[in-house]
Structures are given as structure tokens and as C-alpha cells.
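Please prepare a short report on the structure shown here. Cover the backbone, the sheet and its helices, and the pocket.

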Amino acid sequence: MPAEWEPHAATWLSWPHRLATWPGKFEPIPHLYVQLVRTLAAVEAVHVLAGGHPMLQARALLAGIANVTLHEIATDDAWIRDSGPTFLVGPPGSPPTLIDWGYNAWGGKYPPYANDDALGRLIARETGRICHEPDMILEGGAIDVDGRGTLLTTEECLLNPNRNPQLSRGQIERRLYEFLGARKVLWLGRGIAGDDTDGHIDELARFVGPRTVVAAVEENPRDENFASLDENLRRLRSFTDADDQPLEVVPLPMPRPIVYDGQRLPASYCNFYLANGIAVVPQFGDPADAEAVEILGGVLKDRRIVPLPARDLVWGLGAFHCITQQEPAGG
């Protein structure tokens, strides 16, 4: 599995249509997707899954945007980072391959999910890829890699009994080695408040280069995220990568708490997405928005930073990384 900053052939999206994902606030979401698709299509191909009735809206709203392909593939929800496959690259001349992990909607929280569980096989058929199916449930947002053998994840998610109760920590690691080419797994602890994914890594810490990681930090010791993020930061600073080299850890601030309808939302600047030559960074209408853009611009010097509004999007409990899935070039 290559690092996300390596060249892409495309980005894959699932068109949003499940009203219950953004209860009472769905109306702006399709238009936010149009803004994201337009941004991505300027730098790489975009593939959008929109089977059945959602196809009508997707076709209408995306008309006129070049470099976009619509696929008549039905979905249950929009979070393709978690429901979609992991695209791999192999040696020159090897057949294109993807991994179709098992998917159970974050521990069975949001049925139905049979359409989303089938996405890997359907995309493999659509693209002519070889499809491997490990006997393991895994969401893409639960892992992040440096493309050189180091993988980041969390104990709260991958060791959660609502995913793979039959697998030990060691058995999970062996599957990550076998199917993703990882050589070393780095385990953080717990996720942030409001995160229904049980601690996905893409809200907490992300590789932005070989041995460089940005990590979400909370400055307010009275905030409910302070202890878990402080513990994760301490672990990251003690880790070495797959080549036993120490990590460079760059703190990334958290926005102030966003509460909607009495619920704390999992807003984090770590939920950015790296496409060809750009970094799409969520913005929450917070004073820390500009600071996050500046910090990410400093560590992603070869990219144009594209800040996009995500306050409405995060009411669905995710942001730009959660709704995208990269297809690497050469895979």
C-alpha cells in the first residue's frame, strides 16, 4: 500500500444520499461534494459510485465537470474510505490488485450495509483488478501508512471486539504484513470524543512524509480529548519506523468543540486528503483553521493547500479523508 502522498491515478467517492447520516442537515452536502469533485478533478481522475436514484442527482450536479466518471454501483452510505477497497501497487508488470476487506459499518452500528460491504468486489470487476479478500474486517480510516513498511493504527479500533473478536493482536498484525506490505505496526491508544468509528487513526495522526507524522493535540487540559491525545503524542514521540529511525512528530491543533443537537462532533484537521499536488484541509469556522493550514503547508511544501468548509460535513461524523479513497498510479 503506497503512501497517500505518492502519485494517484484517481480518487473514488460514493455519492451521498442517506438522509439519516446528516439528520436535518443533508441539503448542503451534495453541493459540498460538487465543490470537492471540482477541486479533485482538476488534478486527477475522479470516480463516483451512484447506483439507482442517487445517480440522477449526481449526474445533474456533476454535469460539465471534466475528468469525472460515474459508476452505476449502489451504496448504503458515503464513507468510501471505510467501505471501499485498498488499492495496491506491485512490481512492474504485475497485475493490478486491490484488497476487499470485510465491512460491518463500524461494528454493526448502522445497518443496512450489504451494498457497502460489496464495493471492493464490484470495483475490482469494474476495473479489471485482482481482488484479495482477507478474513478480517478493516476500515480504511483505521490505518495510515508511509509506503515504506510502517503502519499507524489504534488499539481502540483494531482490537475492538465488534470488529474481529476471533483475531489476536498478533494475528491482526500478520494480516497487515501479508496484505499491505507493512513491516511494523505502531499502535496508538484511543480516539477523540464523538468519533463513532472507535478511534480511527485519520482523526488522530497522519504520515505526511517518510518518518514525519502530524498529530492532533488538545491544549485545554479540561477538554475531554486532552488525556487521550496527550497519551498518543507521547507514544508517537517514542516510536521508530520500520527502519528503526525515530519519527518527526509535528503537533496539529484541534478546533474548539463543535456541538450540534447536543452531540460533540469529531472535528479534526488530521482528516485532510492528499491528491496530486494538493492537500484538501477541512475548515470548521474556528480560529485554529488558519493555524492548521499554515502547519500543513509547512510540512507539505510541494503541495498547494486547499482549505474547504467542513462544518456541515462533520455533522455526519467525518470529513474529507473519510469520503475519499485514493487509487495509486502504477497500480
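## Backbone at R211 and N67

Is R211 buried, partly exposed or exposed? The model is a predicted one. In it, R211 has a relative accessibility of 34%. Buried would need under 20% and exposed over 50%, so R211 counts as partly exposed. The residue is part of the loop that runs between β10 (205-209) and β11 (212-217). Its phi is positive, near 70°, and R211 is not a glycine.

N67 is another residue with a positive phi, about 75°, without being a glycine. Most residues other than glycine have a negative phi. N67 sits in the loop between α2 (53-62) and β3 (68-71). Its relative accessible area is 42%, so N67 is partly exposed.

## A cis peptide bond

Most peptide bonds are trans. The bond from P111 to P112 is cis. Its omega is near -5°. P112 belongs to the loop between α4 (105-108) and α5 (114-117).

## The three-stranded sheet

The loop holding R211 joins the subject to a sheet, as it lies between β10 and β11. This sheet is open and has 3 strands, in the order β10-β11-β12. The pairing is mixed. Why is one side of β10 and of β12 (248-253) left without a neighbour in the sheet? Both strands stand at the edges, and each has a single partner strand, so one side of each stays unpaired in the sheet. On average, neighbouring strands are turned by 30° against each other, direction ignored.

β10 and β11 run antiparallel and pair over 4 bridges. F207 has V213 of β11 as its bridge partner.

## Helices on the sheet

Two helices can be described here. Helix α9 (residues 226-238) packs on the sheet and touches β10, β11 and β12. The direction of α9 makes about 160° with that of β11.

Helix α10 (residues 288-299) also packs on the sheet, in contact with β10, β11 and β12. For α10, the angle is about 160° with the direction of β12.

## The largest pocket

How much space lies in the largest pocket? The volume is about 240 Å³. The pocket is lined by 17 residues. Those closest to its centre are T21, Y110, D196, G316 and L317.

What is the make-up of the lining? It divides into 8 nonpolar, 5 polar and 4 charged residues.

How values were computed. Residues numbered from 1 in each chain as written. Predicted model: local features only at pLDDT ≥ 70, side-chain atom pairs only at ≥ 80, totals over all residues. Heavy atoms only, no water. Buried < 20%, exposed > 50% of the residue type's maximum accessible area, 1.4 Å probe, protein only. 1 Å grid on protein atoms, 1.4 Å probe; cavity = no way out; pocket = protein on both sides within 12 Å on 5 of 7 lines; lining within 4 Å. Points joined across faces, edges and corners; volume = space filled by probe spheres on them. Nonpolar A, V, L, I, M, F, W, Y, C, P; charged D, E, K, R; others polar. Pairing = 2+ DSSP bridges. Axes fitted to C-alpha atoms, helices over the stretch in contact; angles between N-to-C directions. Contact = heavy atoms within 4.5 Å.
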